[in-house]
Amino acid sequence: MSNRLTQILVDKRVHVAARKTQLSLSTLEAQAGGQTRPRGFRAALEAKAKAGGYGLIAEIKRASPSKGLIRANFDPPAHARSYEAGGAACLSVLTDMPYFQGADEFLVAARAACALPCLRKDFMVDPWQVLEARALGADAILIIVAALDDGAMAEIEAAALGLGMDVLVEVHDAAEMERALSLRSRLIGVNNRDLRDFSVDFARTYDLVGRAPEGCTFVAESGLTNRADLDAMAAHGVRCFLVGESLMRQADVEAATRALLAA
Ligand SMILES: O=P(O)(O)OC[C@@H](O)[C@@H](O)c1c[nH]c2ccccc12
């Protein structure tokens, strides 16, 4: 199957293979060991939801393959502080370079600038990247179910849980939701955007929220632009959201975050 995700994954495997030759496992383990303990990612979302608000994962995203450059004056530590001051529960920081113009340093700088738990938003294809994520300070990683077979998914999850990190498991249809539930993590995100062709459809969330088991933290991701979008999702029982582009496009990121979360 030839699609955008497949292409990204092929490139990512090449990138990881090269990185592995540059960075020894012992160096990485020492760096991970020297990090401060993971900040509770899922717990931060749940705390906001339990307090009656929305749990927001605010994304630090400079560009995307579908939209090109999103933010000109891109400043990860400043955005991290704005998101925190605006009431976000967590951060997501894109580290993929070729498709999202991200960088590992953005994650390091964003996490150092605030107290929020941080997700390393990248395409995980190898447990090695999980250790690398922890060495950078990441508190959580993303598993894209469409990108991995069951064995690889379980291996990557085990690496993250073993390091005390949370795992956001991303799905976009019922079959993927079934596979996600074979994992241990109960933090499930539905991507409204299909990574194979970048089409956005909120119906993906509406279809799948009812299939999430009791006790699961359910996150709606992508294409959310304003308070009304979140309220429409909340009417279907969704309390947690991942928002990037619409916040990154605002001059005043803190005010935009506050407006999104204000009741
Ligand atoms: O910028 P948006 O439309 O608010 O979307 C954010 C986030 O959901 C999106 O960046 C995303 C969701 N899953 C991903 C996987 C890889 C890269 C990016 C993503």
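In the predicted model, alanine 160 counts as buried, because 29 C-beta neighbours lie inside 10 Å, where 20 or more suffice. This alanine belongs to helix α7, which spans residues 150-162, and, once neighbours within four places in sequence are left aside, the contacts of alanine 160 are with Val130, Ile141, Met165 and Val167. Asparagine 73 lies 87 residues away from alanine 160 in sequence, and the C-alpha atoms of the two are 33 Å apart in space.

Ile141, one of the contacts of alanine 160, is also among the residues that touch the most other members of the largest nonpolar core, a group that consists of Leu91, Leu119, Ile141 and Phe241. The core in question comprises 74 residues. For leucine 119, the contacts beyond four places in sequence include Leu91 and Ile141, together with Phe41, Ile57 and Leu168. Further contacts of leucine 119 are made with Cys90, Ser92 and Val93, as well as with Ala138, Ala140 and Leu142.

Valine 93, which is in contact with leucine 119, lies in strand β4. Its 28 other C-beta atoms within 10 Å exceed the threshold of 20, and valine 93 is therefore classed as buried. Residues up to four places away in sequence being excluded, valine 93 touches Ile60, Pro76, Phe106, Leu107 and Ala110, and in addition Cys118, Leu119, Arg120 and Lys121. Of these, alanine 110 is 17 residues from valine 93 along the chain, with a C-alpha separation of 7.8 Å.

Pro76, also touched by valine 93, is one of the buried residues of helix α4, which covers residues 76-86. The buried residues of this helix further comprise His79, Ala80, Ser82, Tyr83, Glu84 and Gly86, and the elements that cover them include strands β1 (55-60) and β4 as well as helices α5 and α12 (253-261). Just after α4, glycine 87 adopts a positive phi of about 110 degrees.

Positive phi values also occur at two residues other than glycine, glutamine 101 and serine 222. Most residues other than glycine have a negative phi. Glutamine 101, with phi near 50 degrees, is placed in the loop between β4 and α5 (104-112); its 19 other C-beta atoms within 10 Å fall short of the 20 required for burial, so that this residue is partly exposed. Serine 222, with phi near 85 degrees, is found in the loop between β9 (217-221) and α10 (227-234), and is buried because it has 26 other C-beta atoms within 10 Å.

Serine 222 is, moreover, among the closest residues to the ligand, together with Glu221, Leu242, Gly244 and Glu245. The ligand is surrounded by 15 residues, and the elements that contribute two or more residues to this shell are β10 (240-243) and α11 (245-248). By residue class, the shell divides into four nonpolar, five polar and six charged residues.

A contrasting environment is found at leucine 181, in the loop between α8 (174-180) and β8 (187-191). This leucine is partly exposed, because its 17 other C-beta atoms within 10 Å lie between the limits of 12 and 20. Leucine 181 is 62 residues from valine 243 in sequence, and the C-alpha atoms of these two residues are 24 Å apart in space.

As regards the overall architecture, the secondary structure of the protein chain amounts to twelve helices and ten strands. The radius of gyration is 17 Å, close to the 18 Å that the globule rule gives for 263 residues, so the chain is as compact as a globular protein of that length. Along the principal axes, the C-alpha atoms fill a box of roughly 50 × 40 × 35 Å. Buried residues account for 44% of the 263 residues, and, of the contacts with a separation of 6 or more, 67% are between residues 24 or more positions apart.

With respect to confidence, the mean pLDDT of the protein chain is 96, and 99% of the residues score at least 70. Among the elements, the lowest mean pLDDT, 95, belongs to helix α9 (residues 203-209), whereas the highest, 99, belongs to strand β4 (residues 90-94), the strand in which valine 93 lies. For the complex, the predictor gives an ipTM of 0.98 and a pTM of 0.97.

How values were computed
Residues are numbered from 1 along each chain as its sequence is written. This is a predicted model: local features need pLDDT of at least 70, side-chain atom pairs count only at pLDDT 80 or more; totals for chains, interfaces and linings use all residues. A nonpolar core is a set of buried Ala, Val, Leu, Ile, Met, Phe, Trp, Tyr and Cys residues joined through C-beta atoms within 7 Å. Two residues are in contact if their C-beta atoms, placed from the backbone, lie within 7 Å. Helices (H or I, at least four residues) and strands (E, at least two) are DSSP runs, numbered from the N terminus. The radius of gyration is taken over C-alpha atoms; the globule rule is 2.2 Å times the number of residues to the power 0.38. pLDDT is the predictor's confidence in each residue, from 0 to 100. A residue is near a molecule or strand if its C-beta atom, placed from the backbone, lies within 6 Å of it. Ala, Val, Leu, Ile, Met, Phe, Trp, Tyr, Cys and Pro count as nonpolar, Asp, Glu, Lys and Arg as charged, and the others, Gly among them, as polar.
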